[in-house]
Amino acid sequence: MTGRYELSENSWSLIEDIVSPPQTMGRPRRDDRQVLNGIFWVLCSGAKWRDLPERYGPWTTVYERFRQWRDDGTFEAVLDRLHLKLREDGLMDLDTWMIDSTSIRATRAASGGGKKGGSKEPIDHGLGRSRGGLTTKIHMVCDRHGWPLTFTLSPGQDGDTQHFMPTMESIHLPGQVGRPRKRCRHIVADKGYDSDALRRYCYRQRMKPVIAQRKMKRRPRPGLPRGFDKPKYRERNVIERGFGWLKELRRIATRYDKLVSSFAAMVCLACIDRCLRADFSYKT
């Protein structure tokens, strides 16, 4: 019987070869499944690393393993494996996707990153000032069933439209054969994404934008919107509910991490947690 926040046998079997490859030399390391369960405990509870229960081992070991998996792409590889499993089982919709953003309030302690993180870490650490104070914004794409496909992070004051293209370009859904899937037929977004440049980008990529138009005092722009699909636009609540599910994990509801790379790893783990719910033996 698995404990609270811990992986079931079926969930672990899906990702074991990625997280815990065979060790051929060196000192035996602490059980990877136990360590990963400890990381999930921190993700879900929102507690400090030092408050990790003893059953998961020393907190320093769990934190160092988190940093290792963050830096070597292990979490992204696990999410790719789950995306592939969802596609193979026919649970992922490749026709209609939704994009939106949500702001995450950051604590005072999250703003002390300084020059840490190396050359890949942005100077602002993904933090910015907005109406809510110190915030980070998550830009996310999900399918019609709510499975998270990709995300990017930005300072909280950034507009949605400037991160639409980078977020869409980061999609690469693996398949058994052929190139990864990067595009859908319909992309659904609210009026915050209403711009001519964004619509032209969608048409160049052979995607139909289902985007509400802002109310304009002047005359409507010619040619917009093109065959606005109201029934499909009503499905946009899926991504709003998706953000609600992610924010049930307290490390996502509030940002405590100083480095944007660490917070991105936590968001990736939250997406993994969401995708694992397709396996009904996964218990929380």
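**A tour of salt bridges and cysteines**

Begin by selecting Glu6, which counts as buried at 16% relative accessibility. The model on display is a predicted one. Now add Arg55 to the selection: the side chains of Glu6 and Arg55 meet in a salt bridge, with 3.9 Å from N to O. Glu6 belongs to the segment before α1 (9-19), while Arg55 sits in the loop between α2 (32-45) and α3 (59-72), so this pair ties together parts that are 49 residues apart in sequence. Unlike its buried partner Glu6, Arg55 is partly exposed, with a relative accessible area of 49%.

Proceed to Lys85 and Asp89, whose closest N and O atoms are 3.9 Å apart in another salt bridge. Lys85 is partly exposed at 35% relative accessibility, and Asp89 is likewise partly exposed, at 43%.

Next, select Asp100, Asp190, Arg236 and Glu240 together; salt bridges link these residues in a network. Within this group, the side chains of Glu240 and Arg236 meet at 3.2 Å, N to O. Arg236 is buried, with a relative accessible area of 15%, whereas Glu240 is partly exposed at 38%. The structure has a count of 18 salt bridges.

Turn finally to the cysteines. How many disulfides are there? The count is zero. Select Cys184: the nearest cysteine sulfur, that of Cys202, is 8.1 Å away, and a disulfide requires two sulfur atoms within 2.5 Å, so Cys184 is in no disulfide. Cys184 is buried, with a relative accessible area of 3%. Select Cys275 last: the nearest cysteine sulfur belongs to Cys271, 6.8 Å away, and Cys275 is in no disulfide. Cys275 is also buried, with a relative accessible area of 3%.

Notes:
Residues numbered from 1 in each chain as written. Predicted model: local features only at pLDDT ≥ 70, side-chain atom pairs only at ≥ 80, totals over all residues. Heavy atoms only, no water. Buried < 20%, exposed > 50% of the residue type's maximum accessible area, 1.4 Å probe, protein only. Salt bridge = Lys/Arg side-chain N within 4 Å of Asp/Glu carboxyl O. Helix = DSSP H or I, 4+ residues; strand = E, 2+ residues; numbered from the N terminus.
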